[in-house]
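User: I have a model open and would like to learn how to read its features one by one. Could you walk me through it?
Analyst: Happy to, let's take a look together.

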Amino acid sequence: MPDLNCTYRPSAVKCNGFDPRAFRWAQTMRLAVEEINQSKELLPNHTLGYKIFDSCAYPLTGQRAALAVLNGPNEAHSPTCTGASPLLAVVGESGSAQSIVVSRILQPFRIPMISYFSSCACLSDRRKYPTFFRVIPNDDYQVKAIAQLLLRFNWTWVGLVRGDHEYGRFAVQGLLKELQGSKVCIAYQEMIPLLYNRQRALEIMQVMRSSQAKVVVVFSAEGEMTPFLRDYMKENITGIQWVASEAWVTASVFTGSEYYPYLGGTIGFGIRQGHIPKLSDYLQTVEPHRYPSNTLVLELWGALYGCSPSPSFSSLLPPCSGQETLLEQHSAYMNTSSPRVSYNVYKAVYAIAHALQNLLLCKPGSGPFRNNSCAQSNNIHPWQLQHYLQEVAFSIDGEEVNFDLKGDSIPYYDIINWQRGSGGKIEFVNVGLFDGTKTAGKELVIQEEKIMWAGHQSEVLVSVCSASCLPGSRKAVRRGEPVCCFDCVPCDSGKISNQTDSVDCTLCPQDFWSNTERTACIPKKVEFLTYDSLGIALTAIAVVGACLTIAVLAIFFYHKNTAIVSYFATCACLSDQQQFPSFFRTIPSDAFQVVKQNVTGLQWMASEAWTAATLLQTPHLMPYLGGTLGIAIRRGEIPGLRDFLLGTRPGKVTKNNYGNSIVRQFWEYTFQCRFSPPPAGWLDTGGALCTGQEDLESAVTEFLDVSDLRAQYNVYKAVYALAYALDDMLQCVPGRGPFSGHSCASLQKLQPWQLVHYLDRVNFTTAFGDQVSFDENGDALPIYDVMNWCWLPDGSITVHNVGVVKKSASTGEELTLDEDRIFWNFEPQKPPRSVCSESCPPGTRIARRKGEPVCCFDCIPCSNGKFSNETDSIDCISCPEDFWSSPQRDHCIPKTIEFLSYHEPLGICLTTASLLGTLICTIVLGVFIYHRSTPMVRANNSELSFLLLLSLKLCFLCSLLFIGRPRLWTCQLRHAAFGISFVLCVSCILVKTMVVLAVFKASKPGGGASLKWFGAVQQRGTVLVLTSIQAAICTAWLVSSTPTPHKNTQYHSDKIVYECVIGSTVGFAVLLGYIGFLAILSLLLAFLARNLPDNFNEAKLITFSMLIFCAVWVAFIPAYINSPGKYADAVEVFAIMASSFGLLMALFGPKCFIILLRPERNTKKAIMGRGTSKK
């Protein structure tokens, strides 16, 4: 690059070296343009033109190339930025750093740019690069893919190397951000200098050699990597697993066999491979004799063959023979087997062509531009083409091409692995794909069996800072080092870790202890009282006690009809003398607690133990228990049960004496008889003998009551469950059984645990429609009837079913309730309310009572600025900043907006006063203009008087800027107009005062020379200079920190005060200080002129007016500081008008009095003091 020190005309740019690969990209663009120009479908009857500029892959040269595109290639004689550029779009650049420079240059001209190899994520910023597009994926996707790759192969300790440019810097930043929170740590970060420095490169290699990180991620371009890898090979460093970025993962310069021992196994993400059918043939058409004047073709020949095709090209190279031909070994130029970057160039040109096609197909009246217009085909602007580029969508070879809102294309990467090919050279093998359009976690698809790793290994290389901690130990992070570097500390006694890389050891349960390896908890040794001497003695005592207990039990059984008197059993069910004929108690029954105490008004909820108890369903208990709701065991139906029960006869049971005994006891109990031989004395007391033929159907017994089968239904289901389990067991096919060796259970050798196995899996439905199965606890699916105690009008009592509670495997537990059938023992017939605290209405929140259940709470109104719009809100929600809570605290309402308005009394008064002052100034100005030839007006520079009246009018009018809703322009103008108007006013007064002093001095002998400094021109100039200073102060203030409207919510919580923030307190203070300085100076000069003769009495009026002015503004400062919101504006308006009225009345009141009411004094003699003498 030439030296750009701006002291001489720069020389022409010359590039260092020649890149055949980049020349291939340029030829690809030419091929695409020629294909489009020959196409009858794409841009028919239109021809694309192009120019190719060499940026030398360097940002500064790229800048010159961009300027040459806009202004012409001759930098020395081309005028800069003159005329309109016919350029519509740019294809480039190859590097992110160059693209940043070129895009910024093209941005003011709104020329779109499509890059084929610039992947920096920074270029997606539409605010900085609004005209930038690219057909290569954004690096954000590449770093995301690399992060997933590192996690996929558990590489937790990696090194980072990058180039010294925007591409490397932003890629590393993106990767570090992507790895945050993951288990991957960065061992080191190094940077290859932009201007290669071997000493710095050797330092980087030393870091790589000494580090435990065996995986190195490199974000760099091919240019920096070439000298770096040559030095790397000279240092003979091996064992590194390289992870390459797309910028160099497919670089053909590294395919030589000498690279494989050091770079073999490299893996990385490459630009997606495409197919360009005619590219190989097209590249072979490039020859020097065909393009003799093309410098790039001549440089290509010199780079490939080391000869000079033309005598004018290079005198340092031998001349070419003219027989050279392009061969496959010229891979840097001729390699078209898997075009990647060239394919991107191809897509970029076609994207421009399709955008132009869509632009030309626009129909007038339905276009995308102003008034639905279309672009003119003979006058296309670049920004119009950009609009269509943003929306372009087409396909090439099955691949869709379009751009998102950031100008990025669809993210695809091929996963490339460097493997040994024929002749020992490196081949780029595709082993996977990264598809950025898929859902998170599914983008990466890798064929691991096809990968060859570094060192020609088939096993994945391990790259960790610390090896995994085995079970029995825990990780202890080393202080000051990354989390990937840790020590493995054995677990303490009583603690274990049974996983690899455990962070903490787990404490064993109370009855367990850690084993020797600390990997499992084993039962503690058990120590107890065994059958030793002490145990035998205690056992003997226990046996004796058991024998005594059995003897007492036998005595009680023999005397079982002896009365029992209880002192603590209160259940009302024990009052049934039929069931408990010998039971007595000295404590009242539970029924007494309800009935005798006359406790009513309660809604009873009964458990299944007494819901269906008929003992309590009596008329005298219904006033207290009526309406009871309870849960009862499911009632079922057993077909044929009554007939089966009627067939019960004592003589039928013959095989089982115990069963027969039970039937005989039932028969004797039911018919109050005894089978022979009867007990002694039974017949003597009139007892009857049982024959076994008694009519069971006519007997009064609950035995035949099958209307409410609940427990019986459960027995029925239990028997059927066993039957179904046995049936499933018998269906077992040998060789497919559930037991060891796939065996089945045998009915002849059936073990109880085998039947349990089938019981766990029983699932059947009864004839009544109930499903029967068991869960893991052996419980059946719960099902209950919801019962209600109803008191009918005729006084009878019924307990009827009003719902069901059941649980299914699919829907869970469900309650079905027919509320219309429920009888409530309350008036009116509605469910009673039973709450500890009533619900909190909207506008309040729940406050739990300390020490009480959660159902007991108080309702606290929401505080100011908060609301709750739901019943029983836990918390009140704060209103947004511009809203306040309603009086009911149940919603938010906009805050009252406060500012000095024209519609309020204060604003109306100030506006009226301002307009009145303006009107008075106008009237006084009219009077002075009308009497401008009189001595009173001409006495002291009438021009200054007119200017002073005009400035006072402006002072009155500028106060209107302080009234009304603050806006940006009013905030900016109010203080500027106020400051300039008052300085103009005070400047006129100051000049008047100086003129009075000068005239008086000139009236003395020898003082005439002083008047030459106070002529009309000097007076106007002084006023102009003094006012210009204030104008400069206001301009600097507005430019540096302009006043802006502001919503102030600090003064009042429920109001928004609109006010103007002055921006810079210093600026406002300087503005006021300058006015004060001029006012004090005028006051001092007028004070010095107070003793002048009466015919110079205007100095006294000035003195008085300035005293008023200063007094007003001295009082203004504390009042302004302590006035909030609109009252600060009102104070400032009042100060403006008070000082303006003071100046107007003090300076012009006496003169108007003389002009209008005492015209005889408006003469030169009267003013000079030579009027009528006093008498």
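**Reading the features**

Analyst: Let's start with a disulfide: C120 is joined to C122, with 2.4 Å from S to S. Keep in mind as we go that this is a predicted model.

User: Which hand does the link of C120 and C122 have?

Analyst: The link is right-handed, with 130° about the S-S bond.

User: And how many disulfides does the structure hold?

Analyst: There are 15 disulfides in the structure.

User: Now the helices. How do I describe two packed helices?

Analyst: The general idea is to give two values, the angle between the axes and the distance between them. Here, helix 2 (residues 59-71) packs against helix 3 (residues 96-106) at about 30°, and their axes lie 8 Å apart. That angle makes helix 2 roughly parallel to helix 3. The crossing of helix 2 past helix 3 is right-handed.

User: Which residues make the contact?

Analyst: From helix 2 come P59, G62, Q63, A66, L67 and L70, and from helix 3 come A97, Q98, V101, V102, I105 and L106. Sorted by class, the contact of helix 2 with helix 3 has nine nonpolar residues, three polar ones and no charged ones.

User: Can we try a second pair? At what angle do helix 1 and helix 12 pack?

Analyst: Helix 1 and helix 12 (residues 341-360) pack at about 35°, with 9 Å between their axes. Helix 1 also passes helix 12 in a right-handed crossing. On the helix 1 side, the contact is made by R24, W25, T28, M29, A32, V33, E35 and I36. Helix 12 brings V341, S342, V345, Y346, V349, Y350 and A353. By class, this contact of helix 1 with helix 12 has eleven nonpolar, two polar and two charged residues.

User: On to sheets. How do strands of a sheet pair?

Analyst: In general, they pair through backbone hydrogen bonds, and the sense is either parallel or antiparallel. A good case here is an open sheet of eight strands, in the order 5-4-6-7-8-11-12-13, with mixed pairing.

User: Which strands stand at the edges of that sheet, and why is one side of each left without a neighbour?

Analyst: Strand 5 (185-192) and strand 13 (444-446) are at the edges; each has a single partner strand, so one side of each has no neighbour in the sheet. On average, neighbouring strands of this sheet are turned by 30° against each other, ignoring direction.

User: What does one pairing inside it look like, say strand 4 with strand 6?

Analyst: Strand 4 (residues 157-163) and strand 6 (residues 215-219) run parallel and are joined by five bridges. To find the register on your screen, look for V158, which stands opposite V215 in strand 6. You can also locate helix 5 (residues 166-179), which lies across strand 4, strand 5 and strand 6 and runs at about 155° to strand 4.

User: What is the strand order of the three-stranded open sheet?

Analyst: The order is 37-39-38, again with mixed pairing. Strand 37 (896-898) and strand 38 (1044-1048) are the edge strands, each pairing on one side only. The twist from one strand to the next averages 25°. Strand 37 pairs with strand 39 (residues 1055-1061) in the parallel sense over three bridges, and E898 stands opposite V1057 in strand 39.

User: Which strands does strand 23 pair with?

Analyst: Strand 22 (residues 605-606) runs parallel to strand 23 (residues 629-633), joined by two bridges, and M605 has L629 as its bridge partner. With strand 28 (residues 783-791), strand 23 pairs in the antiparallel sense over five bridges; there, I631 has V786 as its bridge partner.

User: Last, the backbone. Where are cis peptide bonds found?

Analyst: One joins G92 and E93, with omega about 0°; E93 is in the loop between strand 1 (90-91) and helix 3. Another joins S676 and P677, with omega about -5°. P677 belongs to the loop between strand 24 (673-674) and strand 25 (688-689).

User: What is phi of L43 near?

Analyst: It is near 55°, a positive value in a residue other than glycine. You will find L43 in the loop between helix 1 (20-38) and helix 2.

Terms used:
Residues numbered from 1 in each chain as written. Predicted model: local features only at pLDDT ≥ 70, side-chain atom pairs only at ≥ 80, totals over all residues. Heavy atoms only, no water. Axes fitted to C-alpha atoms, helices over the stretch in contact; angles between N-to-C directions. Helix = DSSP H or I, 4+ residues; strand = E, 2+ residues; numbered from the N terminus. Parallel < 35°, antiparallel > 145°, perpendicular 65-115°, else oblique. Left-handed = near helix turned anticlockwise from the far one by under 90°. Contact = heavy atoms within 4.5 Å. Nonpolar A, V, L, I, M, F, W, Y, C, P; charged D, E, K, R; others polar. Pairing = 2+ DSSP bridges. Disulfide = S-S within 2.5 Å.
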